[in-house]
Amino acid sequence: MTAPLLICEGLSRSFGGVKAVAGVSLSLTAGMVTALVGPNGAGKTTCFNLITGNLRADAGKAMLRGQSIMGLKPHQVARQGVARSFQDLRLFTHMSVRDNVLAATETSAWFWQPGGAAARRAREAATEEALARTGLTALAEARAMDLAYAERKFLSMARILAARADIWLLDEPASGLDLSSRRRFGELLKEARRQGVAICLIEHNLDVVTELADRIAFLDQGKVLAEGEPEAILRDPKLAAIYFGDREDAA
Ligand SMILES: Nc1ncnc2c1ncn2[C@@H]1O[C@H](COP(=O)(O)OP(=O)(O)OP(=O)(O)O)[C@@H](O)[C@H]1O
């Protein structure tokens with residue numbers, strides 16, 4: 001069996017009296033899609049923030065290819081090959097679509113090397129490829145702020161693709177997409193999985209999870225309550241009760 005690329009053990013973080021993440025252990029393996037599923041406020045986004053250095057952990061560790069990434073800043077984690085998308089997308093709204101993608105190559109694992117014309121050409125080629133794969137080539141000169149919602153979501157994915165990272169942390173990448181856009185998104189994800197990317201997906205749409213995830217980690221109140229194949233997790237009536245907010249039945 002392939003060794004995991006990223007291993008988290010006992011990750012914890014509180015905000016005042018709220019234990020947002022309370023001892024989460026999780027591993028991500030090349031060529032596998034793991035979905036983080038759980039009710040609102042379960043701690044999913046905080047897990048991402050702890051891995052990417054956007055937040056400091058109170059306890060626990062995160063190891064990338066056997067090396068600790070705890071205490072690194074977000075740009076340093078990105079340079080180690082971890083790409084991340086945000087629920088609110090965080091695009092450079094006044095910049096062109098192309099420049100948004102090109103900017104993502106600056107922190108990427110592959111291109112963080114001495115500059116020069118060859119490196120610039122490689123970044124530009126990665127940008128054009130990411131635009132083509134996300135269907136955005138014709139919109140490359142448009143400003144990000146002028147894109148429709150689904151196009152902005154694909155721009156966020158183009159930035160991930162261009163970074164050429166081997167770990168993707170995607171925070172609700174399919175939310176708000178119509179069926180045909182969701183299918184296109186699914187194809188992008190499946191292709192990345194075939195290429196060996198380790199993908200972790202925060203997703204509320206259980207159809208998307210069922211279609212794309214190899215494994216689910218079910219979080220509630222900062223803890224992983226269950227982990228396993230989607231079919232088993234999604235069939236569990238206790239977890240369904242927690243997910244849909246019917247806690248008395250879950251007890
Ligand atoms: N910066 C912060 N300051 C204070 N509390 C926070 C902060 N970030 C998260 N929290 C709290 O930590 C808990 C977990 O939040 P988190 O956003 O990780 O949950 P989530 O599972 O991603 O939720 P959702 O599905 O709604 O996005 C919540 O109670 C939230 O209010």
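**Stop 1: strand 3**

Select strand 3, residues 33-37. Five of its five residues are buried, so strand 3 is largely enclosed by the rest of the structure. Keep in mind that this is a predicted model. Now colour the two faces of strand 3. Val-33, Ala-35 and Val-37 lie on one side, and Thr-34 and Leu-36 on the other. Both faces are covered, and these residues are all buried.

**Stop 2: the neighbours of strand 3**

Add strand 8, residues 198-202. In which sense do strand 3 and strand 8 pair, parallel or antiparallel? They pair in the parallel sense, over four bridges. Pick out two of the partnerships. Thr-34 has Cys-200 of strand 8 as its bridge partner. Leu-36 has Ile-202 of strand 8.

Next, add strand 9, residues 215-220. Strand 9 runs parallel to strand 3, and four bridges join the two. Find Thr-34 again: opposite it in strand 9 stands Arg-215. Then go to Val-37, which stands opposite Phe-218 of strand 9.

**Stop 3: the whole six-stranded sheet**

Show the rest of this sheet. What is the order of its six strands? The order is 6-7-8-3-9-10, in an open sheet with mixed pairing. Go to the edges: strand 6 (82-85) and strand 10 (223-228) each pair on one side only. On average, neighbouring strands here are turned by 15 degrees against each other, direction ignored.

Stay at the edge with strand 10. Strand 9 and strand 10 run antiparallel and are joined by five bridges. Leu-219 stands opposite Val-224 of strand 10. Follow the chain through the hairpin of strand 9 and strand 10, where two residues lie between the strands. Click on Gln-221 in this hairpin: its phi is positive, near 45 degrees.

**Stop 4: helix 1**

Select helix 1, residues 44-52. Helix 1 lies across strand 3, strand 6, strand 7 (167-171), strand 8 and strand 9. Against strand 7, helix 1 runs at about 145 degrees.

How many residues of helix 1 are buried? Nine of its nine are, and the helix is mostly covered. Walk along them: Lys-44, Thr-45, Thr-46, Cys-47, Phe-48, Asn-49, Leu-50, Ile-51 and Thr-52. Take one step past the end of helix 1. There, Gly-53 has a positive phi of about 80 degrees.

**Stop 5: around the ligand**

Select the ligand and show its surroundings. Which residues surround the ligand? They are Phe-15, Val-18, Ala-20, Gly-38, Asn-40, Gly-41, Ala-42, Gly-43, Lys-44, Thr-45 and Thr-46. Colour this shell by residue class. Four are nonpolar, six are polar and one is charged. Strand 2 and helix 1 each supply at least two residues of the shell. Helix 1 gives the most, with three residues.

**Stop 6: the four-stranded sheet**

Strand 2 leads to another sheet. Four strands form this open sheet in the order 2-1-4-5, with antiparallel pairing. Strand 2 (18-28) and strand 5 (67-68) are at the edges, each with a single partner strand, so one side of each has no neighbour in the sheet.

Select strand 1, residues 6-15, together with strand 2. Eight bridges pair strand 1 with strand 2 in the antiparallel sense. Label Leu-6 and look across to strand 2: Leu-28 stands opposite.

**Stop 7: a loop residue**

Move to Gln-80, in the loop between helix 2 (74-79) and strand 6. Is Gln-80 buried, exposed or partly exposed? It has 17 other C-beta atoms within 10 Å. A buried residue needs 20 or more, and an exposed one has 12 or fewer, so Gln-80 counts as partly exposed. Now set up a distance between Gln-80 and Ile-69. They are 11 residues apart in sequence, and their C-alpha atoms are 8.8 Å apart in space.

**Stop 8: the nonpolar core**

Finish inside. The largest nonpolar core has 72 residues. Select Leu-36, Ala-158, Ile-167, Trp-168, Ile-199 and Leu-201, which touch the most other members. Which helix gives the core its largest share? Helix 5, residues 149-163, does so with eight residues.

Zoom in on Leu-201 last. Leaving out residues up to four places away in sequence, Leu-201 touches Val-33, Ala-35, Leu-36, Leu-170, Pro-173, Leu-212 and Ala-213. Val-33, Ala-35 and Leu-36 bring you back to strand 3, the start of the tour.

Conventions. Residues are numbered from 1 along each chain as its sequence is written. This is a predicted model: local features need pLDDT of at least 70, side-chain atom pairs count only at pLDDT 80 or more; totals for chains, interfaces and linings use all residues. Two strands pair if DSSP finds at least two bridges between them. Axes are lines fitted to C-alpha atoms, for helices over the stretch in contact, and angles run from 0 to 180 degrees between N-to-C directions. Two residues are in contact if their C-beta atoms, placed from the backbone, lie within 7 Å. A nonpolar core is a set of buried Ala, Val, Leu, Ile, Met, Phe, Trp, Tyr and Cys residues joined through C-beta atoms within 7 Å. A residue is near a molecule or strand if its C-beta atom, placed from the backbone, lies within 6 Å of it. Ala, Val, Leu, Ile, Met, Phe, Trp, Tyr, Cys and Pro count as nonpolar, Asp, Glu, Lys and Arg as charged, and the others, Gly among them, as polar.
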